[in-house]
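Please look over the sequence and the model shown below before reading on. The report then moves from one helix and its neighbours to the sheet and to a single residue.

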Amino acid sequence: MIRVLLVDDHALFRQGLRSLLESEGMRVIGEAANGREAIRYAADTHPDVILMDIQMPELDGVKATQSILEIDPNAKVIMITMYRQDRYVFEAVKAGARGYILKDADATTLLDAINRVAGGEALLDADMAQNVLDDFRDKREELPSEKHADLNERETMILKLLAQGFSNQDIALRLDISEKTVRNRLSEIFTKLQLNNRTQAALYAIREGIANLD
């Protein structure tokens with residue numbers, strides 16, 4: 001059963017999400033109306049997936065996501081936004097959010113996104129990945145510059161599969177290794193490349209030509 005934390009300042013929207021998710025066998029373990037509540041709930045309950053609205057009072061979704069990921073780098077956050085090109089989404093993804101979903105998405109799309117992220121994937125389509133990389137460049141910010149030549153062949157393959165959206169389980173099956181080995185190798189990759197999370201790793205792999213999302 002996937003445990004979900006709902007974060008949105010509109011009670012009716014949260015209630016609609018709760019009804020949908022619970023009807024599909026998921027468990028809503030908490031609801032937060034602003035970023036500060038989200039941080040507290042996430043720290044207390046460690047949900048499998050956090051659905052995080054962008055625009056909220058007191059503390060917006062981007063800053064809340066940044067704080068949650070500082071506390072728990074493995075937290076799986078999906079941003080909820082009205083607009084595909086919302087600049088705040090870029091900041092959240094750069095901070096480590098697993099991707100985004102539009103508020104007008106249908107139920108099937110939402111449920112698929114939650115299941116994929118719960119399974120370890122990132123929701124990075126080609127346009128979003130390129131936009132985030134462009135945003136890094138425009139702001140003269142850089143992902144860590146350690147060269148991927150420091151990675152061995154197996155590590156490079158794991159990084160490529162991660163960037164293509166495969167979960168740890170899928171990577172393990174494709175490479176005929178255990179999920180524990182995948183987790184250990186990913187930890188080593190993050191350390192070598194000075195990365196903090198899967199989203200940054202996927203962006204790094206795309207930028208360096210290790211993987212593409214076409």
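## Helix H8 and its neighbours

In this predicted model, the buried residues of helix H8 pack against three other helices, namely helix H7 (153-163), helix H9 (179-193) and helix H10 (198-207). Helix H8 itself spans residues 168-175, and its buried residues are Asn168, Ile171, Ala172 and Leu175. When one looks down the axis of H8, these buried residues fall within an arc of 100°, so they line one face of the helix.

Leu173 and Arg174, by contrast, are exposed on the other side of H8. Just after the helix comes Asp176, which takes a positive phi of about 55°.

## The protein as a whole

The protein contains 10 helices and 5 strands, and buried residues make up 49% of its 214 residues. If one considers the contacts with a separation of 6 or more, 67% of them are between residues that are 24 or more positions apart. The accessible surface comes to about 10600 Å², and carbon and sulfur atoms account for 44% of that surface.

## The sheet

Strands of a sheet pair through backbone hydrogen bonds, and the pairing may be either parallel or antiparallel. Here the pairing is parallel, in an open sheet of 5 strands with the order E2-E1-E3-E4-E5. Strand E2 (27-32) and strand E5 (99-102) are the edge strands, each of which pairs on one side only. From one strand to the next, the twist averages 25°.

One pair in this sheet can be followed in detail: strand E3 (residues 49-53) and strand E4 (residues 77-81) run parallel and are joined by 4 bridges. Within this pair, Met52 stands opposite Met79 in E4.

## Helix H1 and Arg14

Helix H1 (residues 11-23) lies across strand E1 (3-7) as well as E2, E3 and E4, and the helix runs at about 170° to E2. Arg14 lies in this helix. Is Arg14 buried or exposed? Its relative accessible area is 13%, and because a residue counts as buried when this value is under 20%, Arg14 is classed as buried.

Leaving aside residues up to four places away in sequence, Arg14 touches Leu6, Asp8, Asp9, Glu31, Ala32 and Ala33. Ala33 is 19 residues from Arg14 along the chain, and the C-alpha atoms of these two residues are separated by 8.9 Å.

How values were computed:
Residues numbered from 1 in each chain as written. Predicted model: local features only at pLDDT ≥ 70, side-chain atom pairs only at ≥ 80, totals over all residues. Heavy atoms only, no water. Helix = DSSP H or I, 4+ residues; strand = E, 2+ residues; numbered from the N terminus. Buried < 20%, exposed > 50% of the residue type's maximum accessible area, 1.4 Å probe, protein only. Contact = heavy atoms within 4.5 Å. Areas by Shrake-Rupley, 256 points an atom, 1.4 Å probe, with all protein chains shown as cover. Pairing = 2+ DSSP bridges. Axes fitted to C-alpha atoms, helices over the stretch in contact; angles between N-to-C directions. Arc of directions from axis to C-beta.
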